[in-house]
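User: I would like to learn how to read a protein structure, one feature at a time. Could we work through an example together?

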Amino acid sequence: MCRPPPEESVRAVLDRTLLPHISVEKVQGIFSLRLPRIYDVTTSNGRALQLVLEPPAMLRLLRFERPMVEAETVAVRWIRETVEEEEADVTSAASGARKGALLTKTGSHDDPEPLEPDLLSLVPTLVQSSPYPTNELKSAYAFFESVRGTPLSLLPSGPLSPPDRRHVDKQTGRLLRRLARLTSPTGKFGPVAAAVAARSAPDGYQHLGVVTDTWAVAFQSVLEGILRDGEDMGVTIPYAAVRRNFRRFSYALDSVAVPRLVVVNGAEEGNVLVHDPGSRKGVPDELESATKDDTSDTAGAAADGSGEVKAPGVSSLEVSGLLDWSNCVFGDPLLASVFADGASDGFLEGFNGTDAVAETSTLGLRISRTIVEGTDTAGVRLLLYQVYHAVICVVKEFYRPRVDSSRRELEARKRLNEVLAKLGEVHDDPKRSHQRPSGEMSPAKRIKPNQEGPVGRMGVTLQ
């Protein structure tokens, strides 16, 4: 755990624009699975904040990880503003039968859905941020209201029982479904931070990623990014086979016409936060400070807020949010790693809702026809995404070795080889071939005029 910044430095940043006439009483580092440095900040007026700083300089980062703090702040701010606007629209039009219903911005005017789950209670509140290093903190930073909950992977009780796990998975599926109903404000595909920033700074967002008109080009940019990370480190991977399979099946990506919000790691155990509204037991000491001001008025009542005591055997654990919001993309909801890892029945129940479903041809997943487009090509797309996630798992072990890196690397290589073999068994569709939109060049072929400086800012930045 890194040494926390001096209290006077934190105080100077807060005092400049946000919280005059208060003092910082304590700055304490907290244990986290995330790469950025995270600290609890307690102020003299009792306000509990969480300070997020860039990862330590000695850590090797993948391309898509480099703008992590800025990417998270942009994404969180946009999500909250968008949901608040939707709620305001519903409130102003809340007359008659449409009162309490939310008409989401998915391009459909016939598919109202209640705001469930309540995103504003699950998305952190951004207090103050800067994408540039400051004199006081020597880093880009973000202050958030302290979040409650413990990552699933850090629960002291260990793995959940099957009923508890299904309950949590279903809530997680509902959360990712609700997020997927938010769409790009510009109609563009690519990293959320880049797409949002491009509206206000058309020439100043390139370091955040590639923004394009098609999902095929956007996905190629993130795929090329991780492949180049591997090439930079000399990692042995079947690069030619990966690129060849992308070219063969990129037509399947053209089935995705609506750029939906995807939190790529949104359902991973290290990212899903859970809490028990009726109990404060079982919270790790390292995370206790993040919830010390969180008191529940519904202790002993149902976790769903109904005021009724839940029946024995029904889990009271509730998903309270996500730990990391930095890896957000406008694209295909199936890019989320949960689908590559094998989504559980509970997750799919929450993600699909009451929609009509279709079964993918290659993996047998039953997925919503409302949220997921092009279900006839979804199986091939899932295989391409599995390749992407497997490559990340291999390359990451070379950038940041761990005690069990050899085992993790071998498992990821095995998955990669298996998926490439499956793609080799898929027959080409002679009636369908990928044609790049006029005037749009493949990220892999774009000229990189300056090979010096931060790799992420060459020519066109790759994720």
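Analyst: We go from the whole chain to a helix, then to salt bridges and a sheet. Keep in mind that this is a predicted model.

User: How many helices and strands does the chain have?

Analyst: The secondary structure comes to 12 helices and 13 strands. Of the 463 residues in the chain, 52% are buried. The chain exposes about 21200 Å², and carbon and sulfur atoms supply 50% of that area.

User: Among contacts between residues at least 6 apart in sequence, what percentage join residues at least 24 apart?

Analyst: The figure is 70% for this chain.

User: Now a single helix. What span is expected for helix 4, at 1.5 Å a residue?

Analyst: The expected span is 27 Å, and helix 4 comes close to it, reaching 26 Å from its first C-alpha to its last. Helix 4 covers residues 162–180, which is 19 residues.

User: Which residues of helix 4 are buried?

Analyst: Among them are V168, L175, L176 and L179, but also D169, R177 and R178. The value for R178 is a relative accessible area of 1%.

User: R178 has a charged side chain. What does the side chain of R178 meet?

Analyst: First the general idea: side chains of opposite charge can pair when their charged atoms come close. Here the side chain of R178 meets that of E86 in a salt bridge, with 2.9 Å from N to O. E86 lies in helix 2 (residues 68–92) and R178 in helix 4, so the salt bridge ties together parts that are 92 residues apart in sequence. E86 counts as buried too, at 3% relative accessibility.

User: Which residue forms a salt bridge with K170?

Analyst: The partner of K170 is E349, at 3.2 Å from N to O. This pair also links distant parts of the chain, as K170 is in helix 4 and E349 in helix 10 (residues 345–352), 179 residues apart. Are these two buried or partly exposed? K170 is partly exposed, with a relative accessible area of 33%, and E349 is partly exposed at 35%.

User: Where do E409 and R413 lie?

Analyst: The general idea is that an α-helix has 3.6 residues a turn, so residues three or four places apart point the same way. In this structure E409 and R413 both lie in helix 12 (residues 405–425), four residues apart, about one turn of the helix. They form a salt bridge whose closest N and O atoms are 2.8 Å apart. E409 has a relative accessible area of 18%, which is under the 20% cut-off, so E409 is buried.

User: How many salt bridges does a search of the whole structure find?

Analyst: The search finds 22. Some are joined up: E224, R228, E231 and R243 are linked in a network.

User: Last, the sheet. In what order do the three strands of the open sheet run?

Analyst: The order is 6-9-10, with antiparallel pairing. Strand 6 (150–151) and strand 10 (318–322) stand at the edges with a single partner strand each, so one side of each has no neighbour in the sheet. Four bridges join strand 9 (residues 272–275) to strand 10. One bridge partner to find in the picture is E318 in strand 10, which pairs with H275.

User: Which strands does helix 4 lie across?

Analyst: Helix 4 lies across strand 9 and strand 10, and runs at about 45 degrees to strand 10.

Conventions
Residues are numbered from 1 along each chain as its sequence is written. This is a predicted model: local features need pLDDT of at least 70, side-chain atom pairs count only at pLDDT 80 or more; totals for chains, interfaces and linings use all residues. Side-chain values use heavy atoms; hydrogens and water are left out. Helices (H or I, at least four residues) and strands (E, at least two) are DSSP runs, numbered from the N terminus. The expected span of a helix is 1.5 Å times one less than its number of residues. Buried means under 20% relative accessible area, exposed over 50%, partly exposed in between (1.4 Å probe, protein chains only). A salt bridge is a side-chain nitrogen of Lys or Arg within 4 Å of a carboxyl oxygen of Asp or Glu. Two strands pair if DSSP finds at least two bridges between them. Contact means heavy atoms within 4.5 Å. Axes are lines fitted to C-alpha atoms, for helices over the stretch in contact, and angles run from 0 to 180 degrees between N-to-C directions. Accessible areas come from the Shrake-Rupley method with a 1.4 Å probe; for residues, only the protein chains shown count as cover.
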